[in-house]
Amino acid sequence: MSGLPPNRESFGSKFGIVAATAGSAVGLGNIWRYPYVVGENGGAAFIMIYLAIVIAIGIPVMLSELSIGRRAQQNVYGSFRTLAPNRPWYLIGLMGVVAAFMILAFYTVVAGWTLEYLYQSFIGGFHEKSAEELGSMFNSFIGSSSRPLIWFFVFMGLTAFIVVAGVKNGIEKSTKILMPLLFVLLLILIVRSVTLPGAAKGLSFIFKPDFSKITAETFLMALGQAFFSLSIGMGTLITYGSYIQKRDNLATTSLSVVATDTMVAILAGVAIFPAVFAFGIPTGAGPGLAFITLPNIFEQMPGGTVFSVMFFLLLGVAALTSTISVLEVIVAFFVEELKMKRGAATWLATFSVSILGVLCVLSTSELADFKILGKTVFELMEYTTANVLLPLGGFFIVIFVAWFFGRDKAKDELSNNGTLKAHYIPVFLFVIKFIAPLAIAFVFLQGIGLIDLK
Ligand code: PHE
């Protein structure tokens, strides 16, 4: 393939690239995390800020990451090493690898919850349960340790299994078919949710902004959610970018991925909030929100069992296409930097992530009272990755492309060496030079309380 070093894998087709990248982006971040963060941060006003951040910061960071990866043809650490030899930029790469460990540890816990809920759907575990009973069902499940632990290991194993198989066979094939199906299922859920009695309040919660609830922290939560949901700021897309061929179009890839990811999140919100109000579930229910609300919806649907089996299966798959992208960051690093074989690298990564992962699993049971900075291990991993490491990574990534990578290389990557007309490039360069880094810095410093410019 043109310009690719031999022996390095790449994605096979255009649709495959979008599917794998969208597969990374779309996952629990959209269907589990987005609704609960929206619920905790006041609804519609948060969503508007979120959308603005996705457009003004998300797209530029994504394009920057893909450009770095495709240019360097390396893992996240190696990419910075190659493009900026003898400069400390590789530290950003290392930070990405560390973030990958932390994300995978807590994310796989929630992915494990989807397997329990798939199982419960099968055995009719939600039958004739009230909203309250479904709430306590969730709490007693996460409050026990053995089942969440088992599901965690099952999910880690599945992830490792696919990553061992490699980019084209494992990652690309599995995402192509199942993603579109999840979309359809969400639409069906929406129809049921918005026709429930009392649904209107939920719709106004997500469509009628109430700006009085907005604080500096709201902006930081929106920024963190955007980075998390788009899989940006830690080199997942540098790694995936390195598998994209020179003839493919990075801009259209980014736009399709951002559009898909945002659409799925919005749809998940429209599916969940009408039901939240209809069943009297508190909007600030936290990480259990989707797991408590969805079974309620299924219980109110003809054929609910079938839909619920399908839904949790697809949610599990969506989570899997995200976990493989995170594990791939670590594995590519081990393979290329530590010269390990792919199999050994995968199992070493899986084993070490699992140690941290077990602490995350136990954060809702045995270790519920073990807190660092007032947070359980699970909460600490979730908060520091989404709201600190990813924005920090994103900040340095755009700065790198704008000020160090050089205008010409950026142009080459975005226009495929001049063969594509990419009229947006001057705008893009302006945004990554000034707007995106300033906005990230401002939201970040204000959000953690270091500056106060109200
Ligand atoms: N974007 C994924 C999701 O929304 C999670 C993820 C974060 C994946 C960071 C890769 C890197 O579910």
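This report describes the ligand site, the cavities and the pockets of a predicted model.

## The ligand and its contacts

The ligand is surrounded by 16 residues, and those that come nearest are A25, G29, Y107, F228 and S231. Three polar contacts can be described in terms of their partners on the protein side. An oxygen atom of the ligand lies 2.8 Å from a backbone N or O atom of G29, while a nitrogen atom of the ligand lies 3.0 Å from a backbone N or O atom of S229. The side chain of S231 also takes part, with an N or O atom placed 2.9 Å from a nitrogen atom of the ligand. Taken alone, the ligand would expose 320 Å², and the protein buries 100% of that area.

The elements that contribute two or more residues to the shell around the ligand are α1 (14–25), α2 (28–40), α5 (90–122), α10 (216–230) and α14 (304–337). By class, this shell consists of seven nonpolar and nine polar residues, with no charged residues.

## The largest cavity

Two cavities of 30 Å³ or more are found when the whole structure is searched, and the ligand sits in the largest cavity. The volume of this largest cavity is about 130 Å³. Its lining is made up of 15 residues, of which S24, I103, F228, S231 and V326 lie nearest the centre of the cavity. Two or more lining residues come from each of α1, α5, α10 and α14, and the lining divides into eight nonpolar and seven polar residues, with no charged ones.

Two residues link the description of the ligand with that of the cavity. F228 and S231 are among the residues that come nearest to the ligand, and both also belong to the group nearest the centre of the largest cavity.

## The second largest cavity

The second largest cavity has a volume of about 40 Å³. The residues that line it are S121, G124, G125, F126, H127, E299, T305 and S308, and by class they comprise one nonpolar, six polar and one charged.

## The largest pocket

Turning from cavities to pockets, the largest pocket has a volume of about 400 Å³. It is lined by 23 residues, and Y36, P287, F378, E379 and E382 are those that lie nearest its centre. The elements giving two or more residues to this lining are α2, α6 (131–143) and α16 (377–405), with α16 giving the most, namely five residues. The lining of the largest pocket is divided by class into 11 nonpolar, seven polar and five charged residues.

Helix α2 appears in two of these descriptions, since it is listed among the elements that give two or more residues to the shell around the ligand, and it is listed again for the lining of the largest pocket.

## The second largest pocket

The second largest pocket has a volume of about 220 Å³. Of the 13 residues in its lining, I59, P60, L63, Y424 and F428 are the closest to its centre. Two or more lining residues come from each of α3 (44–72), α12 (250–278) and α18 (425–447), and the largest share, five residues, comes from α3.

By class, the lining of the second largest pocket has 12 nonpolar residues, one polar residue and no charged residues, whereas five charged residues are counted in the lining of the largest pocket.

Note on methods: Residues numbered from 1 in each chain as written. Predicted model: local features only at pLDDT ≥ 70, side-chain atom pairs only at ≥ 80, totals over all residues. Heavy atoms only, no water. Near = heavy atom within 4 Å. Polar contact = N/O pair within 3.5 Å; in protein donor to acceptor, adjacent residues only side chain to side chain. Areas by Shrake-Rupley, 256 points an atom, 1.4 Å probe, with all protein chains shown as cover. 1 Å grid on protein atoms, 1.4 Å probe; cavity = no way out; pocket = protein on both sides within 12 Å on 5 of 7 lines; lining within 4 Å. Sits in = over half its atoms within 2 Å of the grid points. Helix = DSSP H or I, 4+ residues; strand = E, 2+ residues; numbered from the N terminus. Nonpolar A, V, L, I, M, F, W, Y, C, P; charged D, E, K, R; others polar. Points joined across faces, edges and corners; volume = space filled by probe spheres on them.
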